[in-house]
Amino acid sequence: MAVFLVHMPEGESDDVSEKVAAAYPGKASHEIKPHWFLVRDDNTTSAVGKRVGIGDDDDTRTLGFVLKLNSQYSGMYARSLWEWLELELAENGGS
């Protein structure tokens, strides 16, 4: 499975956390901070976006973006983020 970064700007959807949790329950997602998530999925970036409600739906448009991550990442953030990434990438072959 691949790891994706999902972001939906504030004001685009008030229930972003609930949408992501419903689409990716349990350890399939990690909320970095409000409106920013890591999720794991076997699908495309477009399919992940649709699954969490990004895009056009019934004449409404929800803005946001999805990026597929690889095993190359860097930064400074909370330990829980790096632990989640390390576990997910190790379990899934670093895809």
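**Exercise 1. The nonpolar cores**

Task: In this predicted model, find how many residues the largest nonpolar core has and which of them have the most contacts inside it.

Solution: Begin with the count, which is 15 residues for the largest nonpolar core, and then pick out those with the most contacts inside it, namely Val 6, Tyr 24, Val 39, Val 48 and Val 52. Next, ask where the members of this core come from: β1, α1, β3 and α2 each supply at least two of its residues. Then look for other cores, and you will find a second, separate one of 7 residues, with Val 3, Leu 5, Leu 38 and Trp 84 among them. As a general background, nonpolar side chains in soluble globular proteins tend to be buried together. Finally, set this beside the whole chain, where buried residues make up 33% of the 95 residues.

**Exercise 2. Helix α2**

Task: Work out which residues of helix α2 are buried, and which elements they pack against.

Solution: Step along residues 45-52, which form α2, and mark the buried ones, which are Val 48, Gly 49 and Val 52. These three lie on the same side of α2, because they cover an arc of only 100° around the axis. Now turn to what they meet: the buried residues of α2 pack against β1 (2-7), α1 (16-23), β3 (36-41) and β6 (65-69). Val 48 serves as an example, since, leaving aside residues up to four places away in sequence, Val 48 touches Phe 4, Val 6, Tyr 24, Val 39, Asp 41 and Val 66. Tyr 24 has a further neighbour in Arg 51, which lies over the face of the Tyr 24 ring at 4.1 Å from the ring centre. To finish, look just past the helix, where α2 is followed by Gly 53, a residue whose phi is positive, near 100°.

**Exercise 3. Helix α3**

Task: Check whether the span of helix α3 is the one its 13 residues should give, and then decide which of its residues are buried and which are exposed.

Solution: Start with the length: at 1.5 Å a residue, the 13 residues of α3 (residues 79-91) should span 18 Å, and the end C-alpha atoms are 18 Å apart, which agrees. Then list the buried residues of α3, which are Leu 81, Trp 84, Leu 85, Glu 88 and Leu 89. Seen down the axis, these buried residues fall within an arc of 115°, so they line one face of the helix. On the other side of α3 you will find Arg 79, Glu 86, Ala 90 and Glu 91, which are exposed. What covers the buried residues of α3 includes β1, β2 (29-33), β3 and β6.

**Exercise 4. An aromatic pair**

Task: Determine how the rings of Trp 36 and Phe 65 are arranged, and what the distance and angle of this pair are.

Solution: Recall that a pair of aromatic rings is described by the distance of the centres and the angle of the planes. For Trp 36 and Phe 65 the centres are 5.8 Å apart and the angle between the planes is 75°. Planes over 60 degrees apart count as edge-to-face, so this pair is edge-to-face. Then place the two residues in the chain: Trp 36 is in strand β3 and Phe 65 in strand β6, 29 residues apart, and the pair thus links distant parts of the chain. Lastly, consider the exposure of each residue: Trp 36 is partly exposed, with a relative accessible area of 27%, and Phe 65 is also partly exposed, with a value of 33%.

Technical notes
Residues numbered from 1 in each chain as written. Predicted model: local features only at pLDDT ≥ 70, side-chain atom pairs only at ≥ 80, totals over all residues. Heavy atoms only, no water. Buried < 20%, exposed > 50% of the residue type's maximum accessible area, 1.4 Å probe, protein only. Helix = DSSP H or I, 4+ residues; strand = E, 2+ residues; numbered from the N terminus. Arc of directions from axis to C-beta. Contact = heavy atoms within 4.5 Å. Core = buried A, V, L, I, M, F, W, Y, C linked by side-chain atoms within 4.5 Å. Expected span 1.5 Å × (residues − 1). Phe/Tyr/Trp six-rings, centres within 6.5 Å; stacked < 30°, edge-to-face > 60°. Lys NZ or Arg CZ within 6 Å of the ring centre and 35° of its normal.
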